Amino acid sequence: MPHRTIEDYQDIIDLPHHVSEDRPHMPMRNRAAQFSPFAALSGYDAAVRETERLTQQRAELDEDVKERIAGRLNLIRAHLKDAPVVEITYFVPDKRKEGGAYRTATGAVKKVDTVRRLVMMADGTDIPIDEISDIGGAMFRFLDDSYA
């Protein structure tokens, strides 16, 4: 295609600007929208962020730790009427990818449900017993001091 010059448009360059009789003039703010960036890969940025999001691997507990947790759960059950305040660290599996995150819930225990295998906290948090990695709190201080 040959290079065009202004002389090639001399026959139309001085014509008046066309104004449609059928359609209203488009406001400037609407005209700008037709030149906004186009995301050809919609969802790509979200997928990259999801891949970058870090998760932790679940730690495998040894038998001593499992026994310690079971003993502490029994102690909590024996003192439920006192509404013991404890600190429970547990693993929450990620719903989208491998791994998850460790969380710590602090508060009064309402119930230890051994059938459904849940620790039910007074604030409504349900903690799966099989995901618990540690239980602490004031009621266990005498136990912790005896191991020191």
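**Group meeting talk: helix 3, an aromatic pair and three loop residues**

At 28% relative accessibility, Tyr 102 counts as partly exposed. The classes run as follows: buried is under 20% relative accessible area, exposed is over 50%, and partly exposed is in between, with a 1.4 Å probe and protein chains only.

Some ground rules. This is a predicted model, where local features need pLDDT of at least 70, side-chain atom pairs count only at pLDDT 80 or more, and totals for chains, interfaces and linings use all residues. Residues are numbered from 1 along each chain as its sequence is written, and side-chain values use heavy atoms, with hydrogens and water left out.

Confidence next. pLDDT is the predictor's confidence in each residue, from 0 to 100. The protein chain averages 86, and 93% of the residues score at least 70. Among its elements, strand 4 has the highest mean pLDDT, 97, and helix 4 (residues 141-147) the lowest, 62. Where pLDDT is low, the predicted coordinates should not be read in detail. Helices (H or I, at least four residues) and strands (E, at least two) are DSSP runs, numbered from the N terminus.

Back to the tyrosine. Rings of Phe, Tyr and Trp (its six-membered ring) pair if their centres lie within 6.5 Å; planes under 30 degrees apart are stacked, over 60 edge-to-face, the rest tilted. The count by this rule is one aromatic pair. The ring centres of Phe 91 and Tyr 102 are 5.0 Å apart and the planes sit at 65 degrees, so this pair is edge-to-face. Phe 91 is in strand 1 (residues 85-93) and Tyr 102 in strand 2 (residues 100-113), so the pair ties together parts eleven residues apart in sequence. Phe 91 is buried, at 3% relative accessible area.

Phe 91 also has a contact with Glu 131. Contact means heavy atoms within 4.5 Å. Not counting residues up to four places away in sequence, Glu 131 touches Arg 58, Thr 89, Tyr 90, Phe 91 and Pro 93. Glu 131 sits in the loop between strand 4 (126-128) and strand 5 (132-136). Its relative accessibility is 17%, so Glu 131 counts as buried.

Now helix 3, residues 63-78. Does its length fit, or not? The expected span is 1.5 Å times one less than the number of residues. For 16 residues that gives 22 Å; the end C-alpha atoms are 23 Å apart, which agrees.

Which residues of helix 3 are buried? They are Ile 69, Arg 72, Leu 73 and Ile 76. Seen down the axis, they fall within an arc of 105 degrees, so they line one face of the helix. That arc is taken from the directions from the helix axis to the C-beta atoms. An α-helix has 3.6 residues a turn, so residues three or four places apart point the same way. The face turned away from the buried side carries the exposed Glu 63, Asp 64, Glu 67 and Ala 78.

At the N-terminal end, Asp 62 caps helix 3: a side-chain oxygen lies 3.2 Å from the backbone nitrogen of Asp 64.

Arg 77 is in helix 3 too. It is partly exposed, at 40%. Beyond neighbours within four places in sequence, Arg 77 contacts Val 112 and Thr 114.

Last, two loop residues with positive phi. Ala 83, between helix 3 and strand 1, has phi near 50 degrees. Arg 117, between strand 2 and strand 3 (118-121), has phi near 60 degrees.

How values were computed. Polar contact = N/O pair within 3.5 Å; in protein donor to acceptor, adjacent residues only side chain to side chain.
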